[in-house]
Amino acid sequence: MQKIFAFVALLAISALAAAGPHGVERVLDDFSNPAAWQVSGSDDVRASLRASDGPRGKALCLDYDLRGTAGYASMRRTLPLMLPTNYAFDLDVRGAAPANTLQFKLIDASGDNVWWHQWKDYAPPADWRTLRVAADAIGFAWGPATDHALKRSAGFELAIAAGAGAGGGRGSVCFSRLGLLELPPASAPQEARARPDPNAEVEAAAKQAPRGFYPRAFTGEQGYWTLVGIDGGRDTGLLSEDGALEIGKGGFTIEPFLQEGGKLLTWADVAITHSLRDGYLPIPGVQWKHGDLSLRVTAFGTGTRGDARLIARYDVRNDGDRARDVTLVLAARPLQVDPPSQFLNAPGGVSPIHALAWQGGTLAVDGEPRARLLRAASMRGATTRAHGMIVQRLARGDFPPAQSVHDPDGYASGAALYRVHLQPHSGATFGVVVPLAGSRMPAIAADADAAAWLQREEDQVAAQWHGKLDRVVLKLPSSQQRLIDTLRSSLAWILISRDGPELRPGTRSYARSWIRDGAMMADALLRLGDTEAARDYALWYAPHQFTTGKVPCCIDARGADPTPENDSPGELLHLIAQVYRYTNDRAFLQASWPHVTATMAYLEKLQDGERHSAVRMFRGLLPASISHEGYSAKPQHSYWDDFWALRGQDDALSMARALGDREATREWTKQRDRFRDDLYASIRASVAAHRIDFIPGSAELGDFDPTSTTIALAPGGQQDNLRTRLPPSLLDGTFNRYWTESRARADGGTDWDAYTPYEWRNVGVFARLGWRGRIPPMLDFFFAGQRPAGWNQWAEVVGRDAREPRFIGDMPHAWVASDYLRSILDLLAFEDGVDQTMVLGAGVQEAWLEQGGVALHGLRTPWGALGYSLRRDGARVVWTIDADTALPPGGLVLAWPLPRPPGATTINGKPARWREGGLRIRTAPARVVVE
């Protein structure tokens, strides 16, 4: 085969050499042989090839119907190529199809490494046209190769992938005459040369400007932000750590400045602090302090999903003993809060403004009313880049008189000025209202008292959020208030990040719903009493299941994504089971039952595919997939997938029993037991093959990935099996190593660059393992990664150097928020599925008892409400179980919170005995006293 490849490559080189230096084209395929091509489509997609005539010979047409999915249709052939230094491909195209993504792919001999060029939102022309793909327009797409330079390829593929529209629709695209041009090294095709990048242009301008004239992100500093919006809204704003408000996804910003005595004050000139109303409500504030002068920016979302808006409040205050004249500047700038380093799916940085106009107190951008001032401004103006950007003109005292401008380059900007005379110890309040996508500009009386109106709106929104976030009552010592505040804020970030019923990890980079994220977020929502949000999500997600029973890894506006990620079946089963367990909604379970049976059948099919594998450690496992981000370059047999499948099979069995389906119970018990045996046999084989002393992340790699392994314990429920079916040292060895390495990282004993706060999962596992004393330093390390600290949030990636620019995912990241929620709740109460008990206080610290104790009321469990308090009373420890606590079948188990053994114990005045560090309670209310 290698000799054939070399011979074909030699012919290619010879043909190109014969073409000469002027770029004579060599035809690689004239599309006269349909048999050379193989057509395929992703799940539920219909695709076929038919012969046709082209402009210079024959053609092949790809007819497809994406059928409402986020899938693809493709045509592939073997095509060995040895590529010259500089080249271009030409391809004739026509068709009749909606706008989708046209993909041009080159694949290496292994089939694992892919290079591509994509035309997004591509609608084929009705008449034949030639597309040219230059060498520098072809980039590495995926694969394990470390050398991403494209020098040779073995296969060629053309694909139509669902575009941004809903489902991609159906159509036909015809291809003819694929040619390759060898070009001189200095003669790259003119059309391949990109125009200057807008973000690079602004960054270059920022380098020449005083610090503070541009947002941090354009000056080489990492910036941070938070979400502003409503529960389940279609769109959200972002508030930067410096007070700039992004007026919707990908939109421009309204950025504040102050002027006094001719000096322009920017974020770089002031001390800045951050807060949330009442410590945890999603009403963020940014406080500027410059001597006795201060500015507070407060932002929040209000309205309904169909009619939502952002409100920004600006409070300027003089806390000095003399009067002063101050100007508040609200500048509209063609820049997002989302920074240039955020490249995934929704690129950050510049947000072009071509037309900007003031229409009274309303700001119109590109012809649409986008913001309304609540008070008449002293001055309003607009400018273009050619006449000077708005901040530079403000700094030099050259405020633009124009009320309307057009900038062909998309750099129009403008500002409203409020000049105020502030008496000593007084202030003034201003505001802006911004309708979010699909919403109308609200009618507000021109003579309304802006400060009073803003306060009423904010108070109303605060009351609504208190109703959503305060269902569970949690009391801890004041030293641990951050745990409570962040718990409630995390719930808010999950709700704001969702789009209607669609639970999503983010609103920008990750504005789609993954079932793995959603299932774990739903777990957190259910425990905090929001059963409606969890049920709505399950009812929305399940119908997107493919006809094969395959569960899509994720869903977005295009439909269900067919990418094979084999954790998905178990996660859907778990989601449905959890909603039923927490709601006892039999109608919901019956409606969901077809999805349960289809998923179990699909899982059995997946397991059969590897049941007779020649590799012992693969036998009976789910096939390799890329569900784990660490395996995106090359699919692996991930134990993350398998533990989710085992969790899902256990859940399917519980649902079958609930419905009295004896046949399903019998067959699925066999399926579950066989898979469980194969899974643990695989782990033993992998441990032996790799000579390791921990539970590996994947079979073939034997890699150390404790955060992935946590899923086996929670929600996997495999703690007992991990100890009895594997060498006893493996479970402790895995998390002892994590503890050692995480301590070295925190103490500076090892070099590190960044981490993902998914590691919060390890905190909950430590509580389950009884490692109570190791938890406080872990809390301290992770809380140090909140940026800024006052907003109770984490990005997906936390860098060691807080100001080094990097991709950090969405911020706040809702899946990370759910990891935090579940782990903090585990410290106080977690379910032991084997014994059907609730374990209380496994992560409570002795110091907390010394500082007033803890209390938890209204937590939801599969059996109902749960509540208790735990405190020191002199030399005694007292537990009080709430009267309305619903007892699980196995009762409650109290985890002894002190390092010394418990003394004489009574339950409701009767003697009781502790066993293995736990005390079982089978009655409520109960008062437990330990001497």
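**Buried strands, bridges and cores**

Modeller: Let's start with β28, a strand that is mostly covered: eight of its ten residues are buried. Keep in mind that we're looking at a predicted model.

Biologist: What makes you say that β28 is paired with strand β22?

Modeller: Pairing takes at least two bridges between the strands. Strand β22 (residues 324–333) and β28 share nine bridges, running antiparallel, so by that cut-off they count as a pair. One spot to look at is Ala331, which stands opposite Ala415 in β28.

Biologist: And how do you know that β26 pairs with β28?

Modeller: Same kind of check: β26 and β28 have five bridges, again antiparallel, and the cut-off is at least two, so the pairing holds. Here Ala382 has Gly414 of β28 as its bridge partner.

Biologist: What about β32 and β33, why are they called a pair?

Modeller: Two bridges join them, in the antiparallel sense. The requirement is at least two, so that number is enough. Ile555 has Ala560 in β33 as its bridge partner.

Biologist: What makes the sheet with β31, β32 and β33 an open one?

Modeller: The order is β31-β32-β33, with antiparallel pairing. β31 (513–514) and β33 (559–560) are the edges: each has a single partner strand, so one side of each has no neighbour in the sheet.

Biologist: Let's move to charges. Why is the contact between Asp43 and Lys550 called a salt bridge?

Modeller: The N to O distance between their side chains is 2.7 Å. The rule asks for a Lys or Arg side-chain nitrogen within 4 Å of a carboxyl oxygen of Asp or Glu, so this pair qualifies. Asp43 sits in the loop between β2 (38–41) and β3 (46–54), and Lys550 in the loop between α7 (531–541) and β32 (554–556), so the bridge ties together parts 507 residues apart in sequence. Both Asp43 and Lys550 are buried.

Biologist: How do you know that Asp409 and Arg385 form one too?

Modeller: Their N to O distance is 3.1 Å, and the limit is 4 Å, so they pass. Asp409 is in the loop between β27 (404–406) and β28 (413–422), while Arg385 is in the loop between β26 (379–383) and α3 (390–395), so the parts tied together are 24 residues apart in sequence.

Biologist: Why is Asp409 called partly exposed?

Modeller: Buried means under 20% and exposed means over 50%. Asp409 comes out at 43% relative accessibility, so the label is partly exposed. Arg385, at 34%, gets that label as well.

Biologist: What makes Arg872 and Glu850 a salt bridge?

Modeller: An N to O distance of 2.9 Å between the side chains, set against the 4 Å limit, so the pair counts. Arg872 belongs to strand β39 (residues 864–873) and Glu850 to helix α18 (residues 846–850), so parts 22 residues apart in sequence are tied together. Arg872 has 23% relative accessibility and counts as partly exposed. Overall, the count comes to 73 salt bridges. Among them is a network linking Arg211, Arg216, Glu221, Glu241, Asp242 and Arg803.

Biologist: Why is Phe89 called buried or exposed, whichever it is?

Modeller: Phe89 has a relative accessible area of 1%; the cut-off for buried is under 20%, so buried is the word. Phe89 is in strand β6 (residues 87–96). Beyond its neighbours within four places in sequence, its contacts include Leu28, Phe104, Leu131, Val133 and Leu180.

Biologist: Which residues have the most contacts inside the largest nonpolar core?

Modeller: Tyr314 and Tyr868, in a core of 214 residues. Helix α10 (residues 639–659) gives the largest share of that core, eleven residues. There's also a second, separate core of 37 residues, and Phe89 is in it, along with Trp37, Val133 and Phe175 among others.

Biologist: Last one: what makes the protein chain as compact as a globular protein of its length?

Modeller: The chain has 18 helices and 45 strands. Its radius of gyration is 31 Å, close to the 30 Å that the globule rule gives for 931 residues, so the description fits. Buried residues make up 60% of the 931. And of the contacts between residues at least 6 apart in sequence, 69% join residues at least 24 apart.

Key: Residues numbered from 1 in each chain as written. Predicted model: local features only at pLDDT ≥ 70, side-chain atom pairs only at ≥ 80, totals over all residues. Heavy atoms only, no water. Helix = DSSP H or I, 4+ residues; strand = E, 2+ residues; numbered from the N terminus. Buried < 20%, exposed > 50% of the residue type's maximum accessible area, 1.4 Å probe, protein only. Contact = heavy atoms within 4.5 Å. Rg over C-alpha atoms; globule rule 2.2 N^0.38 Å. Core = buried A, V, L, I, M, F, W, Y, C linked by side-chain atoms within 4.5 Å.
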